[in-house]
Amino acid sequence: MGYIKGARGLRQGAPMSPYLFVIIMNFLGQIFKHEIVASTGFKYHWRCEKLAISHLCFADDLLIFFDESVHSAAMVRKVMNSFYDYTGLLANNSNILQKEEGK
């Protein structure tokens with residue numbers, strides 16, 4: 001009874017969450033595939049090259065695999081920035097920043 005104020009997004013544990021995760025990660029995979037084909041300097045991680053694996057998604061985690069070259073890292077950053085532009089989802093860099101600061 002009365003007015004129900006809408007909120008942005010879904011709550012954790014909502015029935016649609018797993019489906020939306022799969023759809024969004026599939027979209028991220030398409031961006032990776034497009035950029036890898038367009039890039040001339042991207043190199044896969046040496047253990048992932050044979051199967052052309054650039055990333056793996058499971059549960060609520062994402063693992064990205066590439067060699068240690070600056071060009072490959074820049075391409076991955078470009079993909080993540082494009083993903084943010086399309087979806088508004090931003091990678092959490094807090095662990096990376098803590099490691100760089102020596103914490």
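**Cysteines, a helix lysine and the overall fold**

C48 is buried, with a relative accessible area of 9%. This value, like the others below, comes from a predicted model. A second cysteine, C57, is partly exposed, and its relative accessible area is 30%. The two residues thus fall on either side of the 20% cut-off under which a residue is called buried. A disulfide is a covalent bond joining the sulfur atoms of two cysteines. With the requirement that a pair of cysteine sulfur atoms lie within 2.5 Å, the count for this model comes to 0 disulfides.

Turning to the fold as a whole, the chain contains 3 helices and 2 strands. Followed along the sequence, these elements are arranged in the pattern α-β-β-α-α. The chain has 103 residues, and 20% of them are buried. Among contacts with a separation of 6 or more, 49% come from residues 24 or more positions apart. As for the surface, about 8,600 Å² of the chain is exposed, and 59% of that area is supplied by carbon and sulfur atoms.

One lysine offers a handy point of reference within this arrangement. K78 is found in helix α2, which covers residues 70-87. K78 is partly exposed because its relative accessible area, 45%, lies between the 20% and 50% cut-offs. Along the chain, K78 and I31 are 47 residues apart, while in space their C-alpha atoms are separated by 9.8 Å.

Note on methods:
Residues are numbered from 1 along each chain as its sequence is written. This is a predicted model: local features need pLDDT of at least 70, side-chain atom pairs count only at pLDDT 80 or more; totals for chains, interfaces and linings use all residues. Side-chain values use heavy atoms; hydrogens and water are left out. Buried means under 20% relative accessible area, exposed over 50%, partly exposed in between (1.4 Å probe, protein chains only). Helices (H or I, at least four residues) and strands (E, at least two) are DSSP runs, numbered from the N terminus. Contact means heavy atoms within 4.5 Å. Accessible areas come from the Shrake-Rupley method with a 1.4 Å probe; for residues, only the protein chains shown count as cover.
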